[in-house]
Amino acid sequence: MKKILYIVLALILSIVAVAAGFAEENEGHLEVSTFWITPDLNFANGYNGWVCTRIGIGETLIRLNDDVQLEPCVADSWEQVDELTWKLHIREGVSFHNGKPVDAAAAMASIQYAYDNNSRAVSYLDLKEMSADGQELTIVTNNPNAAVIFNLTEPLFCIFDVSSENLDDMPQGTGPYMVTGFDEDVRVYLSKNESYWDGEVGLDTITVTEIADSEARSMALQSGETEMTVTLDNASLILFDNENYNVSVAIGERTNTVFMNNERPFTGELALRQAISWAVDRETYAATITGGEAATGLFPSSLPYHNDELTAYTYDPDRANQILDRAGFVDTDGDGIREINGENIHLEFYMAASHGSSDGMLLAQAIQADLRNIGVEVELLMAENLSDIIASGNFDMSTDNSNTAPTGDAQYFLSIRYGATYGGSGSDHSGNTGRYHSEEMEALLERMNSTFDVEQRYYLARDAAQILLDDAAALYLTYVPMNTVSASYVKNAEQPTVDYYMITKDLTIEK
């Protein structure tokens, strides 16, 4: 009997030892979920570069800090030579994940690859030529472009070894983590970059899984299936307001916006767009739906060119009704809906979940109710592919949650979203969605090309924001509070202002 007890005890001890060894072995592993992983990891395809920087495999020459200011990354310094020429020094000691050193020629090849394979690159650089000399990279543009250095922070210009064989599944970047596997379930397997140029990397391995739905990501975090996630709906955050979780929230670069189609019969009327702008209750939306702050204009309070002194719209339905009355938009048949030329004002409002959040759809429902109060009928519609609807122009209103400063500078976003040439690639991330055109805006954008002083560029961005408000170009609703939520033992899982940076070298686990 005593012998049997010894055997049982030995078995228990061996199981405990194995379990302890397994726990120790996995202390350096983290399960992460995100709302979006691209079908491949080739940084030059579409917006894949954004995923590459978020999962910690790709880095740009220059990056943005939490004050949305430029800071060195793969390049440690830069200078403007003249209106067309910029020189950057590639940091010594940086290597790709395959061990190849990063010099100016490698960086140039990566930028050229992006330029040759992605139409967005032309808008950013207007490249004439590049040259490489050791660690010195020279970029020359065809025309003056004061935003060049800012534009290089866009993850489209991640630095990858473009001579490697499998850019789609096993790209060789410079980030703190390297890809060890990528499968059809949209899951990326990462391991520590032992030779990372910027110091010790905190975890051994990470698995990143796409879970598109916010509620599903919330449930996965509660069950332990995932240990860190991003962009939960604001209403879900209360579930994690306890000692078992860390919740990090920051106003980012995104603004919950509703584009109004300036070329449609109803929303093409300035008076109607102005009335709609006065009729929506931004403060209540921020308090009850999105969190964050009510928007006073296009650019969030996190950006250095946000302006609190803009002449902005507040909630004033009486003023909205007065504008419509003066414009002759009245309800003549008593059905509660105002008319234009005998036709009821009926707006088709297309919705979609944006950036992994369903807040846009909740905002649409609230707007529908607010506009009904001023006699404007709104029909809410869902589209399988919102970008197709936008490209066709067959809509009156549409939700949007775009990054208003994808490069930290205002010019690119203003040019793409509000410049004279709209449509872009048909993507809902690019193109002048609202078909907006303003000679005043065009003149301002032209000035930005040759305004190299950063502070002066800020003033121009603020002027642009006021022009858009004056023209009621779109509805700016709330500034988006981005969030990162993790188990309490995950350390340094901080939500950055710039949402390109999710997985960093600083993540650790302390169980």
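## A walk through the predicted model

At 34% relative accessibility, E269 counts as partly exposed. That residue is a good place to begin our tour of this structure, which is a predicted model. You will find E269 in the loop between β12 (245-260) and α7 (270-279). Leaving aside residues up to four places away in sequence, E269 touches F329 and I340. Another residue to look for from here is A327: 58 residues separate it from E269 in sequence, yet the two are 9.7 Å apart in space, measured as a distance from C-alpha to C-alpha.Now let us turn to a sheet. Four strands form an open sheet in the order β4-β5-β7-β6, and their pairing is antiparallel. β4 (75-80) and β6 (127-133) stand at its edges, and each has a single partner strand, so one side of each is left without a neighbour in the sheet. On average, and with direction ignored, neighbouring strands of this sheet are turned by 20 degrees against each other.

Let us follow the pairings one at a time. β6 is joined to β7 (residues 136-141) by 6 bridges, and the two strands run antiparallel. To see one of these pairs, find E129, whose bridge partner in β7 is V140. A helix belongs in this picture as well: α3 (residues 104-117) packs on the sheet and touches β5 (85-90), β6 and β7. The direction of α3 makes about 160 degrees with that of β6.

How do β6 and β7 connect? They form a hairpin with 2 residues between them. In the turn, G134 has a positive phi of about 65 degrees. β7 also pairs with β5, in the antiparallel sense, over 5 bridges. In that pairing, W86 stands opposite I139 in β7. How enclosed is β7? Of its 6 residues, 5 are buried, so β7 is largely enclosed by the rest of the structure. As you look along the strands, a general point may help: in a regular strand the side chains alternate between the two faces of the sheet.

Further along the chain there is another set of strands to visit. β8 (residues 177-183) and β9 (residues 187-192) run antiparallel and are joined by 6 bridges. One pair to look for is Y177 with K192, its bridge partner in β9. These two strands form a hairpin as well, with 3 residues between them. V186 sits in this turn and has a positive phi of about 55 degrees. β9 pairs with β10 (residues 205-210) too, over 5 bridges and in the antiparallel sense. Here R187 stands opposite T209 in β10.

Next come two helices that pack together. α13 (residues 439-449) and α14 (residues 454-470) meet at an angle of about 165 degrees, with their axes 10 Å apart. That angle makes α13 roughly antiparallel to α14, and the crossing of the two helices is left-handed. Which residues make the contact? From α13 come E440, M441, L444, R447 and M448, while α14 brings R457, L460, D463, A464, I467 and L468. Sorted by character, the residues of this contact divide into 7 nonpolar, no polar and 4 charged.

Our last stops are two residues with a particular backbone feature. As background, most residues other than glycine have a negative phi. A472 is not a glycine, yet it has a positive phi of about 45 degrees. A472 lies in the loop between α14 and β19 (474-487). Is A472 buried or exposed? With a relative accessible area of 0%, A472 is buried.

N492 is not a glycine either, although its phi is positive at about 65 degrees. Look for N492 in the loop between β20 (490-491) and β21 (508-509). At 44% relative accessibility, N492 counts as partly exposed.

Note on methods. Residues are numbered from 1 along each chain as its sequence is written. This is a predicted model: local features need pLDDT of at least 70, side-chain atom pairs count only at pLDDT 80 or more; totals for chains, interfaces and linings use all residues. Side-chain values use heavy atoms; hydrogens and water are left out. Two strands pair if DSSP finds at least two bridges between them. Axes are lines fitted to C-alpha atoms, for helices over the stretch in contact, and angles run from 0 to 180 degrees between N-to-C directions. Contact means heavy atoms within 4.5 Å. Angles under 35 degrees count as roughly parallel, over 145 as roughly antiparallel, 65 to 115 as roughly perpendicular and the rest as oblique. A crossing is left-handed if the near helix is turned anticlockwise from the far one by less than a right angle, and right-handed if clockwise. Ala, Val, Leu, Ile, Met, Phe, Trp, Tyr, Cys and Pro count as nonpolar, Asp, Glu, Lys and Arg as charged, and the others, Gly among them, as polar. Buried means under 20% relative accessible area, exposed over 50%, partly exposed in between (1.4 Å probe, protein chains only).
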